[in-house]
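Biologist: I would like a close look at a single part of this model, the nonpolar core and the sheet beside which it is described. Please give the cut-offs for the terms as you go.

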Amino acid sequence: MLPPTAAFLPEIVFQTSRASGPGGQNVNKVESRVELRWHLLDSQVLTDEQKQLILEKLGPQLTADGLLLLTAQDDRSQLRNKEIVLARFHALLLKSLHRPKPRRATKPSRGAVRKRLEGKKIQSDKKANRRKLD
């Protein structure tokens, strides 16, 4: 189970910069783009097993040092972008810690097999009736 996002806040470093895109003069003077930096290997919140699982699933998204970088520049407000990037961070951790239920192999029922074979027989007869007679 993943701890709440608030538990990660001491480990997260936020950096702001000027966002690109629409916003008129506002975009030239306000640093609304928010970048979240979180070091996975130094995290005190997660267990070693959880860290390993995240490392396997998010490997390509992490830097060589194990740093996760997420950015948000969707909104004109820096505070809103900070909320967006935190939500993305939480969703990413939840997704990477999720373990799929193991699949159990099953056999089709007798009725299903019979129905499939009957369908194949009907189709075969249809095509056989289309052939030219010798």
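Modeller: A nonpolar core is a set of buried Ala, Val, Leu, Ile, Met, Phe, Trp, Tyr and Cys residues joined through side-chain atoms within 4.5 Å. Buried means under 20% relative accessible area, exposed over 50%, and partly exposed in between, with a 1.4 Å probe and protein chains only. The model is predicted: local features need pLDDT of at least 70, side-chain atom pairs count only at pLDDT 80 or more, and totals for chains, interfaces and linings use all residues. Residues are numbered from 1 along each chain as its sequence is written, and side-chain values use heavy atoms, with hydrogens and water left out.

The largest nonpolar core has 21 residues, of which Leu36, Trp38 and Phe89 touch the most other members. Strand 2, helix 3 (48-57), strand 3 and helix 4 are the elements that give two or more residues to this core. Helix 4 supplies the largest share, 7 residues. Helices (H or I, at least four residues) and strands (E, at least two) are DSSP runs, numbered from the N terminus. In soluble globular proteins, nonpolar side chains tend to be buried together.

Trp38 shows what surrounds one of these residues. Leaving aside neighbours within four places in sequence, Trp38 is in contact (heavy atoms within 4.5 Å) with Phe8, Glu11, Ile12, Ser43, Leu46, Gly66, Leu67, Leu68, Phe89 and Leu93.

Now the sheet. Its 3 strands form an open sheet in the order 1-2-3, with antiparallel pairing; two strands pair if DSSP finds at least two bridges between them. Strand 1 (12-17) and strand 3 (67-72) are at the edges with a single partner strand each, so one side of each has no neighbour in the sheet. From one strand to the next, the twist averages 20 degrees. Strand 2 (residues 33-39) pairs with strand 3 in the antiparallel sense over 6 bridges, and Arg37 stands opposite Leu69 in strand 3. Helix 4 (residues 78-97) packs on the sheet and touches strand 1, strand 2 and strand 3, its direction making about 135 degrees with that of strand 3. Axes are lines fitted to C-alpha atoms, for helices over the stretch in contact, and angles run from 0 to 180 degrees between N-to-C directions.

For the setting, the chain has 5 helices and 3 strands, running α-β-α-β-α-β-α-α from the N terminus. Buried residues make up 28% of the 134 residues in the chain.
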